[in-house]
Amino acid sequence: MSKGWIAERVSVVDLDRIERNIAEQRDDLGWGPNNIFKFPKYGGTGAIYEGIAKPLLEKIHLQHEMMEINLEQKTVAFSNGRLERYDVLINTSPLDLLVAKCRNIPESIADAAGNLIHNGGLIAGLGFEGKRDDSKCWMYFPENNSPFYRVTNFHNYSRFNVPDGDAERYFSLMCETTYSSHKPEDKTRIVESTIQGLVNSGMIDEGQKAYIASRYLIDIPYSYPVPTLGRDKSLATIQPYLESRSVYSRGRFGAWKYEVGNMDHSFMQGVEVVERLLKGTDESTLLGAAG
Ligand SMILES: Cc1cc2nc3c(=O)[nH]c(=O)nc-3n(C[C@H](O)[C@H](O)[C@H](O)COP(=O)(O)OP(=O)(O)OC[C@H]3O[C@@H](n4cnc5c(N)ncnc54)[C@H](O)[C@@H]3O)c2cc1C
């Protein structure tokens, strides 16, 4: 991996502040970019986007899988047989797949897209009976005694993330494991190894295994766009080619920039590309100038 991505994503350590905290024996919790955030009371993260989409529903067509793009004729073909013409195309599907779907793409562009690296994610949601006293939101696990790298106390985001909104009786852990050719994972066993990992890391005790009320697993083949050393060179080859043909690829995997690929960034990439097309303004999020 390159190091250019860290500025936005890894909090820079303030050594003086750490020394002061140690001297004053103070637990310093209020630092880092995400120390305060908002979350919907009902409906999870999806509720944000369902709310935004409400006034636009007539213009949104779900269940249309884009199959082929003809860059010369400016058309998109969908798996249900629909063919759409465009003046400008804004894409949010993964950039490597987009390139693969463009008819007559030059070899240099296809090769550059082939160099884009990503991993997949196995997200296990475990619901437990019982009350969990732990005020933390999410935690990272670099040790090798668990498959997951992160666990989220989802009941802490909203008590309505558990049945009947009753966080006295239930708690919910979202456990995220990535996989790739460098780190294969057995998908058929991941829920079990996640549960064992929770015990090994001290997140739950052995006895709590008997209080698991629900298990959920989702496989997300495109989970993280990896900021490899060759990424910027590939993007500098692909994006100008597409833009010169009125195709603008944005979002987490559309732009393939991990450092500006979270939800808030991806949303603003969409806002800013439209503003650029209409008003000629800069795309500051994509270029990394904004927070
Ligand atoms: C488990 C998990 C936890 C996360 N937690 C957070 C978090 O706490 N905070 C945060 O900021 N971000 C989080 N993220 C990241 C966040 O989900 C993404 O940053 C965000 O969804 C990116 O938005 P997007 O519109 O660029 O892409 P997406 O939301 O991936 O949208 C791309 C869309 O393109 C569609 N598509 C793909 N191919 C085709 C095709 N051929 N035809 C038609 N449609 C197609 C897909 O179905 C999808 O709907 C998390 C992600 C995961 C998986």
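Reader: Which residues surround the ligand most closely, and how many surround it in total?

Author: There are 15 residues around the ligand, and the closest are Met66, Gly251, Arg252, Gly261 and Met263. A residue counts as near when one of its heavy atoms lies within 4 Å of the molecule. This is a predicted model, where local features need pLDDT of at least 70, side-chain atom pairs count only at pLDDT 80 or more, and totals for chains, interfaces and linings use all residues. Residues are numbered from 1 along each chain as its sequence is written, and side-chain values use heavy atoms, with hydrogens and water left out.

Reader: What makes the pair between methionine 66 and the ligand a polar contact?

Author: A polar contact is a pair of N or O atoms within 3.5 Å. A ligand nitrogen is 2.8 Å from a polar backbone atom of methionine 66. That pair therefore meets the cut-off. A ligand oxygen is also 2.8 Å from a polar backbone atom of arginine 252. Glycine 261 has a backbone N or O atom 2.8 Å from a ligand oxygen. The protein covers 56% of the 1,000 Å² of accessible area that the ligand has on its own (Shrake-Rupley method, 1.4 Å probe).

Reader: Why is the ligand said to lie between domain 1 and domain 2?

Author: Domain 1 (46–117 + 227–287) and domain 2 (119–223) both give residues to the shell, so the ligand lies between them. The bounds come from an automatic or database domain assignment. The domain centres, taken over C-alpha atoms, are 32 Å apart.

Reader: What makes up the shell around the ligand, by class?

Author: The shell has 4 nonpolar, 7 polar and 4 charged residues. Gly counts as polar, while Asp, Glu, Lys and Arg count as charged. Ala, Val, Leu, Ile, Met, Phe, Trp, Tyr, Cys and Pro count as nonpolar, and the others as polar.

Reader: Which helix gives the most to the lining of the second largest pocket?

Author: That is α8, with 5 residues. The lining divides into 5 nonpolar, 2 polar and 7 charged residues.

Key: A polar contact is a pair of N or O atoms within 3.5 Å; within protein, one must be able to donate a hydrogen and the other to accept it, and residues adjacent in sequence count only if both atoms are side-chain atoms. Helices (H or I, at least four residues) and strands (E, at least two) are DSSP runs, numbered from the N terminus.
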